[in-house]
Amino acid sequence: MKSLKVNKSPKGQLVVQEFRNFPFNPKRFFVVSDVGKGETRGYHAHREESQILVCLRGKITLNNESIEGVVSKETLLPNECFFLDKLVWSEQTYEEEDTILLCFCSENFNEDEYIRNKDEFYEILRKENEQ
């Protein structure tokens, strides 16, 4: 979890992050909004893609499970970002109305790159741990 630099003034606030500080060069981004309070999204992992999740408004609980079997629960608040590496099963629960998530991605969209079945994710985890 990393807090972003916030510049506040009477005219509003400005939040800046330079891409040179990212662990990858972003190839795409998407925004998730209008998700009901308490709703959970995600339920997948990526084979190759890494992401930077940025909470623009509201509050998001991240439930992540890495390929190493490490389970984490993080709370993402406005102006905070979280690095989500490849091969991490992630679920995001939107804790407040009007929550907005901005996501920067290391790869262009490719449906074949997604792992949408948790049993398949656990099979990959098992194979990785056998090596």
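## Burial of the cysteines

In this predicted model, C103 counts as buried because its relative accessibility is 0%. C105 likewise counts as buried, so classified on a relative accessibility of 0%.

## Absence of disulfides

The structure holds zero disulfides. C103 takes part in none, and the cysteine sulfur nearest to that of C103 belongs to C105, at 4.0 Å.

For C105, the closest cysteine sulfur is the one in C103; the separation of 4.0 Å is too far for a bond. The criterion for a disulfide is a pair of cysteine sulfur atoms within 2.5 Å, and the pair C103 and C105, with sulfurs 4.0 Å apart, therefore remains unbonded.

## Strand β6 and its surroundings

Strand β6 spans residues 51-57, and five of its seven residues are buried; the strand is therefore largely enclosed by the rest of the structure. The threshold behind this assignment is a relative accessible area under 20%.

## Pairing of β6 with β9 and β11

Strand β9, residues 80-84, runs antiparallel to β6, and five bridges join the two strands. Within this pairing, I52 has F83 of β9 as its bridge partner.

β6 also pairs with strand β11, which covers residues 100-105. The sense of this pairing is antiparallel, and six bridges connect β6 and β11. Opposite R57 stands I100 of β11.

How values were computed
Residues are numbered from 1 along each chain as its sequence is written. This is a predicted model: local features need pLDDT of at least 70, side-chain atom pairs count only at pLDDT 80 or more; totals for chains, interfaces and linings use all residues. Side-chain values use heavy atoms; hydrogens and water are left out. Buried means under 20% relative accessible area, exposed over 50%, partly exposed in between (1.4 Å probe, protein chains only). Helices (H or I, at least four residues) and strands (E, at least two) are DSSP runs, numbered from the N terminus. Two strands pair if DSSP finds at least two bridges between them.
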